[in-house]
Amino acid sequence: MDILKVKGNTYCIDTGMTYIPFYKINDEEIIMLDTGWKKGEREGIDEVLESNNFKVRAILNSHAHTDHIGNNTHLKNKYNAIIAMSAYEAIICSSDVNLKVYYGSQTLTEIRKHYGHMVCKTDVIIDEDQNEVSLCGVNFGIIHTPGHSPANICIITPDDVAYMGDTLISYEVMEGAKMPYAYILSEDMKSKAKIYDLKCSKYIVAHKGMYDDIKKLIDDNIDFYESRAMRIYEVIDGTMTMEDIMKVVIKKFNIRIQDTYKYYFIERMLKSYVDYLYEIKKLKLIMENGFLKYTKMTANAVIDMTF
Ligand SMILES: [Zn+2]
């Protein structure tokens, strides 16, 4: 793994898959912005920290997804670091049972097995109305960008570098992504539009890019998510249950589902797109023989709902 200098005291660990930014308090002490995957990244991150003699004093997370908090507890225990996160994300990963609230359809046993390592104790809670946080005497700006996850944030370092976490995805990811993830896509779209006015000197996207300007990237992200939602809209024919839609989408998008973990993952992603289509009044919900079904909203029905 390489270390890239971004600006001033702001750097990035390039794990290959992800950029993990960190801020140097001095030559030895650092604050990490997210901690990466456990699987496939822990050893490399340990190695790069040790070989540079870095001591992790604090961890500031963008959100509580497994590829962003995967090494939180490991690094907290190893370096006696403090963890800071927004309030709702901190609750999600505070216990197996709270993870179960987030990963609703999976069993508690599966959640313990796949996500148990994500459980961590957050020391500094960032509230919804807080637009900065001070850690080890360093002030970070906070922009609340809910949607990708419920209390997702973007973080601005004292060098005027904005870490976007997963609020935006890079062109590289757009090329390969069949259905990029958003927990509540309608809110995520609003957050993407909100950061349009952000003026920082550099922007880091977790998966994976560094930009001087993000206006075009924001436009292209919004268009990309919108086009993915429309691809799902196009497969809806007549009245369909969520499972009917999933069957058609898996086939049309050529998605391979080899285990239950992947099934739940795809189910969660698809649900957020279907919910989005409902929110923008493209789909409506109906009950048919005791089953909840989705169907396309006709032009007349949209007018009925508007007036
Ligand atoms: Zn994420």
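**Exercise 1. The main core**

Task: Find which members of the 75-residue largest nonpolar core touch the most other members, and work out where that core sits relative to the domains.

Solution. Start with the contacts inside the core: M32, L49, M179 and I232 touch the most other members of this 75-residue set. Next, look at what supplies the residues. Helix 9 (residues 215-235) gives the largest share, eight residues. Then bring in the domains: domain 1 (2-225) and domain 2 (236-306) both contribute residues, so the core lies between them. Keep in mind that you're working with a predicted model throughout.

Now zoom in on M179. Skip its neighbours within four places in sequence, and M179 is in contact with I232, V249, F253, I255, I266, M269, L270 and Y273. There's also a second, separate core of 21 residues, and Y23, I31, L60 and I142 are included in it. As background, nonpolar side chains tend to be buried together in soluble globular proteins.

**Exercise 2. Two domains, one chain**

Task: Describe how domain 1 and domain 2 are placed and how many residues of each are in contact with the other.

Solution. First, the bounds: the protein chain splits into domain 1 (2-225) and domain 2 (236-306). Second, the spacing: their C-alpha centres are 30 Å apart. Third, the contacts: 16 residues of domain 1 meet 16 residues of domain 2.

**Exercise 3. The zinc site**

Task: Name the residues that coordinate the zinc ion, then decide what to call the arrangement of its four donor atoms.

Solution. Begin with the ligands. H63 (NE2), H65 (ND1), H148 (NE2) and D166 (OD) coordinate the zinc ion at 2.1 to 2.2 Å. Now check the angles: the four donor atoms subtend 90 to 174° around the zinc ion, so the arrangement is irregular. To be tetrahedral, four donors would need all angles between 85 and 135 degrees.

Along the chain, the donors are spaced as H-x1-H-x82-H-x17-D. One pair among them links distant parts of the chain: H65 is in the loop between strand 5 (55-60) and helix 2 (66-69), while D166 is in the loop between strand 11 (161-163) and helix 7 (171-176), 101 residues apart. Finish with accessibility. H65 counts as buried because its relative accessibility is 8%, and D166 is buried too, with a relative accessible area of 4%.

**Exercise 4. Ring pairs**

Task: Classify the aromatic pair of Y23 and F140, then do likewise for Y181 and F265.

Solution. The structure has 10 aromatic pairs. For Y23 and F140, the ring centres are 5.9 Å apart and the planes are at 80°, so this pair is edge-to-face. Y23 belongs to strand 3 (residues 19-24) and F140 to strand 9 (residues 138-144), 117 residues apart. Both rings sit on buried residues: Y23 has a relative accessible area of 9% and F140 one of 1%.

Now the other pair. Y181 and F265 are stacked, at 6.4 Å centre to centre with 25° between the planes. Y181 is in the loop between helix 7 and helix 8 (185-194), and F265 is in helix 11 (residues 260-279), 84 residues along the chain from its partner. Y181 is buried, with a relative accessible area of 12%, whereas F265 is partly exposed at 30%. Elsewhere in the ring list, Y102, Y103, Y115, Y183 and Y261 are linked by ring pairs into a cluster.

**Exercise 5. The surroundings of Y294**

Task: Decide whether Y294 is buried or exposed, and list what Y294 is in contact with.

Solution. Place it first: Y294 is in strand 15 (residues 291-296). With a relative accessible area of 5%, Y294 is buried. Leaving out neighbours within four places in sequence, its contacts are I236, G238, T239, M240, T241, M242, I245, K271, V274, L283, K284 and L285. Take V274 from that list: V274 and Y294 are 20 residues apart in sequence and 8.6 Å apart in space, C-alpha to C-alpha.

**Exercise 6. Backbone oddities**

Task: Locate the cis peptide bond between H207 and K208 and the positive phi angles of N53 and D160.

Solution. The H207–K208 bond is cis, with omega about -20°. K208 is in the loop between strand 12 (202-205) and strand 13 (209-211). N53 isn't a glycine, yet its phi is positive at about 65°; it lies in the loop between helix 1 (42-51) and strand 5. N53 is partly exposed at 45% relative accessibility. D160, also not a glycine, has a positive phi near 65°. D160 is in the loop between strand 10 (153-156) and strand 11 and counts as partly exposed at 31%.

Note on methods
Residues are numbered from 1 along each chain as its sequence is written. This is a predicted model: local features need pLDDT of at least 70, side-chain atom pairs count only at pLDDT 80 or more; totals for chains, interfaces and linings use all residues. Side-chain values use heavy atoms; hydrogens and water are left out. Donors are N, O and S atoms within 2.8 Å of the metal (3.2 Å for Na, K and Ca); water is not among the atoms, so sites may look incomplete. Four donors count as tetrahedral if all angles lie between 85 and 135 degrees; four count as square planar and six as octahedral if opposite donors are over 155 degrees apart and all others between 65 and 115; anything else is irregular. Helices (H or I, at least four residues) and strands (E, at least two) are DSSP runs, numbered from the N terminus. Buried means under 20% relative accessible area, exposed over 50%, partly exposed in between (1.4 Å probe, protein chains only). A nonpolar core is a set of buried Ala, Val, Leu, Ile, Met, Phe, Trp, Tyr and Cys residues joined through side-chain atoms within 4.5 Å. Domain bounds come from an automatic or database domain assignment. Contact means heavy atoms within 4.5 Å. Rings of Phe, Tyr and Trp (its six-membered ring) pair if their centres lie within 6.5 Å; planes under 30 degrees apart count as stacked, over 60 as edge-to-face and the rest as tilted.
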